[in-house]
There are 2 protein chains.
Amino acid sequence: MPRSPNAESPSGRVDAPDAPDVPNPGVAHDAPTIPEPDIRLAQDLLFFAYRDFTNAADVILEELGLGRAHHRALHFIGRNPRITVSDLLLILRITKQSLARVLGALVEQGYVAQAPGPDDRRQRLLSLTGKGAALEQRLFKRQVERLAPAFSQAGPAAVEGFRAVMRAIMDQTARDYMDGGGGDGG
Amino acid sequence: MPRSPNAESPSGRVDAPDAPDVPNPGVAHDAPTIPEPDIRLAQDLLFFAYRDFTNAADVILEELGLGRAHHRALHFIGRNPRITVSDLLLILRITKQSLARVLGALVEQGYVAQAPGPDDRRQRLLSLTGKGAALEQRLFKRQVERLAPAFSQAGPAAVEGFRAVMRAIMDQTARDYMDGGGGDGG
DNA sequence: ACATTAGGACAGTATTATTGACTCAAATGG
DNA sequence: CCATTTGAGTCAATAATACTGTCCTAATGT
């Protein structure tokens, strides 16, 4: 099993926005049949852009003996303070055991704090410590250095298009996360 | 993709947040200082879109006992017939040993053929066999099923913007590859 | 009381990557 | 001709990230 066993998983925080003009997901009924070269180009774009985007923070991570998995956890905890372990697992779509190693290191090194849930004391609500927030800011800055010039250069209209396309590429579950409090209100 | 030791570029062009309104003669024009929420959003978009894009082909790969590394090699060999091993390494940015295992499996299972270079007989020019092209088509189809509806839904203008932004995110090396024969001409 | 849930832990394995050193054959240059 | 470099392959060891299955505790809920 290479990666994720399932492509879709029913998530918790589903705040269903009624889809606009999405007919049947998966099948383009009347779609103008995108030419193959356009798709080929998009494959390359996704590979190179994602690779170089993620590479941006690697120097800092390596200094600290952390990896990208730690960065991802840090990012999503920072964006969702007091998130439960379960909800974080749903976002990352990795197994509990995979997260445990990464999260354990982050807690042990004082980047992430755990607090018992007020309603359910079994929960360990995750938040960044001051140290964790500082590191996340450092990592974030590196990615800003890559993304901001790209956005400026491409212009606001292009950025709008970028957002629309990227959003349409991901699954409904991920769209739901982004619409519901994920990252902007939680 | 766990990590790469070489980040390859501190991305020379960095606009300092401390120096806001300085006109920048070198590049297009000065950045209107992209708001942090826009960058945060883009981080999430890149994570989810890339994840779900790559997941699309996983079912087929798993059937065949192959991984994403095999898919990437298959993709870039398909797009660059008779590519040398060295050039493939430059595109993928992995080590010879990492490629060797993947490439060995693809050759052994008859997906990729090696031919001695006509000018330099040390080279083993890589191409897809019929079987390899068929598999690549199958994998490609899965990704079309994810990308084509996204493109149709977002519209041509959005796709243009998507391309501009993604292109601007990657390093110069990758842009050069895409401009030069990479993928469309050889 | 009992089943379920949240979280953690242990043991083992797979994939993809890394480094370093080494071989071999072909090309290249004094 | 011979020495060096280069393209490719290989061996051995290791790291990071992920997976599986199983078991455990404590809190919840019925």
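Q: Buried means under 20% relative accessible area, exposed over 50%, and partly exposed in between (1.4 Å probe, protein chains only); why is A:R93 called buried?
A: The relative accessible area of A:R93 is 11%, which is under 20%, so A:R93 is classed as buried. This is a predicted model, in which local features need pLDDT of at least 70 and side-chain atom pairs count only at pLDDT 80 or more, while totals for chains, interfaces and linings use all residues. Residues are numbered from 1 along each chain as its sequence is written, chains are lettered from A and ligands numbered from 1 in the order in which they are written, and side-chain values use heavy atoms, with hydrogens and water left out.

Q: What makes the pair A:D171 and A:R93 a salt bridge?
A: A salt bridge requires a side-chain nitrogen of Lys or Arg within 4 Å of a carboxyl oxygen of Asp or Glu. The closest N and O atoms of A:D171 and A:R93 are 3.1 Å apart, so the pair satisfies the rule. A:D171 is buried as well, with a relative accessible area of 3%.

Q: Why is the pair A:D171 and A:R93 said to tie together parts that are apart in sequence?
A: A:D171 is in the loop between helix 7 (156–169) and helix 8 (172–179) of chain A, whereas A:R93 is in the loop between helix 4 and helix 5 of chain A, so the pair joins parts 78 residues apart in sequence. Helices here are DSSP runs (H or I, at least four residues), numbered from the N terminus.

Q: How do you know that the side chains of B:R146 and A:D171 meet in a salt bridge?
A: Their N to O distance is 3.9 Å, which is within 4 Å, so the criterion is met. Across the interface of chain B and chain A, the rule finds 10 salt bridges; over all chains the count comes to 26. A network of salt bridges links A:R51, A:D52, A:R146, B:R93 and B:D171.

Q: Why is A:E63 called exposed?
A: A:E63 has a relative accessible area of 54%, which is over 50%, so A:E63 counts as exposed. A:R138, at 39%, is partly exposed. The side chains of A:E63 and A:R138 meet in a salt bridge (3.1 Å, N to O). A:E63 belongs to helix 2 (residues 58–64) and A:R138 to helix 6 (residues 130–154) of chain A, so this pair ties together parts 75 residues apart in sequence.

Q: Why does B:R167 count as partly exposed?
A: Its relative accessibility of 32% falls between 20% and 50%, so B:R167 is assigned to the middle class. B:D179, at 48%, also counts as partly exposed. The side chains of B:R167 and B:D179 meet in a salt bridge at 2.9 Å, N to O. B:R167 is in helix 7 and B:D179 in helix 8 of chain B, so the bridge connects parts 12 residues apart in sequence.

Q: What makes the link between the side chain of A:R40 and the side chain of B:E136 a polar contact?
A: A polar contact is a pair of N or O atoms within 3.5 Å; within protein, one must be able to donate a hydrogen and the other to accept it, and residues adjacent in sequence count only if both atoms are side-chain atoms. The distance for A:R40 and B:E136 is 2.8 Å, so it is within the limit. A:R40 lies in helix 1 (residues 36–55) of chain A, and at 9% relative accessibility A:R40 counts as buried.

Q: How do you know that chain B and chain A are in contact?
A: Contact means heavy atoms within 4.5 Å, and 76 residues of chain B are in contact with 72 residues of chain A. The two chains bury about 7600 Å² between them, 68% of it on carbon and sulfur atoms; buried area is the accessible area (1.4 Å probe) that two parts lose on being put together, summed over both.

Q: What makes a residue one of those that surround DNA strand C?
A: A residue is near the strand if one of its heavy atoms lies within 4 Å of it. The 26 residues that surround DNA strand C include A:S86, A:Q97 and B:T95. An N or O atom in the side chain of A:Q114 is 2.8 Å from a phosphate oxygen of DNA strand C, and a backbone N or O atom of A:V85 lies 3.3 Å from a phosphate oxygen of that strand.

Technical notes
Helices (H or I, at least four residues) and strands (E, at least two) are DSSP runs, numbered from the N terminus.
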